[in-house]
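Visitor: I am new to this structure and would like a close look at a single part of it. Could you choose one strand, follow it slowly, and then lead me outward to what surrounds it?

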Amino acid sequence: MPNRTTKTAAPLDTFHPEGLAAALADDAGVAFLLIDADLRLVFANAHAQGCLQERGHDAPSTELIGLPLYDLFPGAIAREYAETASVACDERAPVDLVGMIKGAWRRLTFRPVTYEGQRCVLISSP
């Protein structure tokens, strides 16, 4: 069963797809998805696009923008991601979700951010 860990509270960061965080994530090989309060995809970097393609989403990430989390991931996974995103927003702090994915331990971090004035959650995974 996945394990959730809430980190120390921090102010909401502002996310910019062309910003330093996005560049560093791309350079470091970190996959990240940005979802809005309605759990719809707002942004996916190239590494996240690869993860989505493994799940059968062959369209470019620009065509996936606006799709709900429940269309991107199977029901149980989408529900867990939605619950963890909600905890991150409620706590106003990053939350780690650790669990076994395809036989390997993985960590996803759900970080509350603002993007174009709206509250969103940045989901990242090394």
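Guide: What follows is a walk along strand E3 and then outward to its surroundings, in a model that is predicted.

To place the strand, it helps to begin with the whole protein, which has 5 helices and 7 strands, arranged along the sequence in the pattern β-β-α-β-β-α-α-α-α-β-β-β. Of its 126 residues, 40% are buried.

Strand E3 covers residues 31-36, and 6 of the 6 are buried, so the strand is largely enclosed by the rest of the structure. In a regular strand the side chains alternate between the two faces of the sheet. For E3 this gives Ala 31, Leu 33 and Ile 35 on one side and Phe 32, Leu 34 and Asp 36 on the other, and both faces are covered.

E3 has strand partners that can be traced residue by residue. With strand E7, residues 118-125, E3 pairs in the antiparallel sense over 6 bridges, and within this pairing Asp 36 stands opposite Cys 120. With strand E4, residues 41-44, E3 is joined by 3 bridges, and these two strands also run antiparallel. Here Leu 34 has Phe 43 as its bridge partner, while Ile 35 is matched with Leu 41. E3 and E4 form a hairpin with 4 residues between the strands, and in that hairpin Leu 39 takes a positive phi near 65°. Such a value deserves a second look, because most residues other than glycine have a negative phi.

The hairpin strands are also linked through their rings. A search of the whole structure finds 3 aromatic pairs, and one of them is formed by Phe 32 and Phe 43, which are tilted, with 6.0 Å from centre to centre and 35° between the planes. Phe 32 belongs to E3 and Phe 43 to E4, and the two residues are 11 apart along the chain. Both Phe 32 and Phe 43 are buried. Another pair, formed by Tyr 81 and Phe 110, is edge-to-face, at 5.7 Å centre to centre with 65° between the planes. Since Tyr 81 lies in helix H5 and Phe 110 in strand E6, this pair ties together parts that are 29 residues apart in sequence. Tyr 81 and Phe 110 are buried as well, and ring pairs link these two residues with Phe 73 into a cluster.

From here the path leads to the nonpolar interior. The largest nonpolar core has 23 residues, and Leu 33 of E3 is among those with the most contacts inside it, together with Leu 52, Phe 73, Tyr 81, Phe 110 and Val 121. The elements that give two or more residues to this core are E3, E4, H2, H4, H5, E5, E6 and E7, and H5 gives the most, with 6 residues. A second, separate core of 11 residues includes Ala 25, Val 30, Val 113 and Cys 120; Cys 120 has already appeared here as the residue opposite Asp 36.

Leu 52 offers a way from E3 to a helix, for this residue touches Leu 33, as well as Ala 44, His 57, Leu 64, Leu 72 and Phe 73, when residues up to four places away in sequence are not counted. In helix H2, residues 46-54, the buried residues are Ala 48, Gln 49 and Leu 52. They cover an arc of only 105° around the axis, which puts them on the same side of H2. An α-helix has 3.6 residues a turn, so residues three or four places apart point the same way. On the other side of H2, Ala 46 and Glu 54 are exposed. After the helix comes Gly 56, with a positive phi near 95°.

Two further loop residues can be set beside Leu 39. Arg 92, in the loop between H5 and E5, has a positive phi near 55° although it is not glycine, and is partly exposed, with a relative accessible area of 44%. Glu 116 is found in the loop between E6 and E7, where its phi is also positive, about 50°, and this residue is exposed, with a relative accessible area of 68%.

Definitions and conventions
Residues numbered from 1 in each chain as written. Predicted model: local features only at pLDDT ≥ 70, side-chain atom pairs only at ≥ 80, totals over all residues. Heavy atoms only, no water. Buried < 20%, exposed > 50% of the residue type's maximum accessible area, 1.4 Å probe, protein only. Arc of directions from axis to C-beta. Pairing = 2+ DSSP bridges. Core = buried A, V, L, I, M, F, W, Y, C linked by side-chain atoms within 4.5 Å. Contact = heavy atoms within 4.5 Å. Phe/Tyr/Trp six-rings, centres within 6.5 Å; stacked < 30°, edge-to-face > 60°.
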